[in-house]
Structures are given as structure tokens and as C-alpha cells.
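Here are my notes for a first reading of this model, set out as numbered points. Please keep the structure open beside them and look up each residue as it comes.

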Amino acid sequence: QVQLVESGGGLVQPGGSLRLSCATSRSIFSIYTMGWYRQSPGTQRELVAHITTGDTMYYSDSVKGRFTISRDNAKNTVYLQMNSLKPEDTAVYYCNARRVTTKSSYDYWGQGTQVTVSS
């Protein structure tokens, strides 16, 4: 059974920082693109950032320049460093592992961690 274990959410004031972590198994981490999604009440889950096994990164326009995604291959962990946080960043953040082949696609999700940006 694939597990994605997240940590690092919490309450922070506007302008503050948080770092999210997501650990998984070596068998997943070595071949899957790792990403972070978020979902706030009444909205669809949206992609925040992802990083491929070749370290190609993608960021949504709403977080570009403020968030940084990285992966530690020795620890099988992906991080999301979130700086200059805004109230609109408030959401449940989900770690995702994705692999797409010519025959199928595979998606695994973490349990979600709450990030609240409020004064």
C-alpha cells in the first residue's frame, strides 16, 4: 500500500512562512512526479507545484516567486517552502505522486494538512 505522509501545516500570520514535507517509499519517489495540491471550501482541488524525477519544476501563477518545491532523494521526501503567505493561501494541502505511462496513469494522495493564514 502506497503511503504519502505529510507534515508541516499550521497557523501563520500573513507574510509568514511554513514548510510542508511529504515522505514516501523509495519505490514511489524514484519514478513518480511529486506535487502539492490545495483545496479550500467550495473550490476544486488545484495544482500548486510539482517536481519531476529530473527536477523540472512547475508552479501555478498564484504562488510563483513565493513558493519553492524541492525533493531530497536521500530521504524520499518532497518539500514545499511557502514564503510571503497570504490569507488566500489558506487551504488543505495535499501531497501527490503521479506517474503517466503510455498505457495508464497512477495517482496517490496524502491525507492532507491544513494551512491557515490569518492575523
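The points below concern a predicted model, and they go from strand pairing to individual side chains.

1. A good place to begin is strand β9, which covers residues 91-100 and is joined by seven bridges to strand β4, residues 33-39, with the two strands running antiparallel. Two positions can be used to follow this pairing by eye: T33 stands opposite R98 in β9, and Q39 has V92 of β9 as its bridge partner.

2. Strand β9 also pairs with strand β10, residues 105-109, through five bridges and again in the antiparallel sense. The connection from β9 to β10 is a hairpin of four residues, and within this pairing R99 is found opposite Y106 of β10. A further antiparallel partner of β9 is strand β11, residues 113-117, which is joined to β9 by three bridges; here the bridge partner of Y93 is T113.

3. Returning to β4, the reader will find that this strand pairs with strand β5, residues 46-51, over five bridges in the antiparallel sense, and that Y37 has L47 in β5 as its bridge partner. The hairpin of β4 and β5 has six residues between the strands, and in this hairpin G42 takes a positive phi near 80°. How many of the seven residues of β4 are buried? Five of them are, so the strand is largely enclosed by the rest of the structure.

4. The count of aromatic pairs comes to two. In one of them, the ring centres of Y32 and Y108 are 5.8 Å apart and the planes stand at 50°, so this pair is classed as tilted. Because Y32 belongs to the loop between α1 (26-29) and β4 while Y108 belongs to strand β10, the pair ties together parts that are 76 residues apart in sequence. Y32 is buried, with a relative accessible area of 6%, whereas Y108, at 27% relative accessibility, counts as partly exposed.

5. There is also the pair of Y37 and W109, whose ring centres lie 4.9 Å apart with planes at 70°, so the arrangement is edge-to-face. This pair, too, links distant parts of the chain, since Y37 is in strand β4 and W109 is in strand β10, 72 residues apart. As for accessibility, Y37 is buried at a relative accessible area of 11%, while W109 counts as partly exposed at 34%.

6. Next, please look at R45, whose charged end sits over the ring of Y94 at 3.7 Å from the ring centre. The charged end of R45 sits over the ring of W109 as well, in that case 4.6 Å from the centre.

7. The last residue to examine is E6, which is placed in strand β1, residues 5-7. Which side chain of opposite charge is nearest to E6, and how far away is it? It is R45, at 7.8 Å, and E6 is buried yet has no salt bridge. Backbone nitrogens are nevertheless found beside this side chain: that of C95 lies 2.6 Å from a polar atom of the E6 side chain, and the backbone nitrogen of G112 likewise lies 2.6 Å from a polar atom of the E6 side chain.

Technical notes:
Residues are numbered from 1 along each chain as its sequence is written. Side-chain values use heavy atoms; hydrogens and water are left out. Two strands pair if DSSP finds at least two bridges between them. Rings of Phe, Tyr and Trp (its six-membered ring) pair if their centres lie within 6.5 Å; planes under 30 degrees apart count as stacked, over 60 as edge-to-face and the rest as tilted. Buried means under 20% relative accessible area, exposed over 50%, partly exposed in between (1.4 Å probe, protein chains only). A charge sits over a ring if NZ of Lys or CZ of Arg is within 6 Å of the ring centre and within 35 degrees of the ring normal. Lys and Arg count as positive and Asp and Glu as negative; His and the chain ends are not counted. A salt bridge is a side-chain nitrogen of Lys or Arg within 4 Å of a carboxyl oxygen of Asp or Glu. A polar contact is a pair of N or O atoms within 3.5 Å; within protein, one must be able to donate a hydrogen and the other to accept it, and residues adjacent in sequence count only if both atoms are side-chain atoms.
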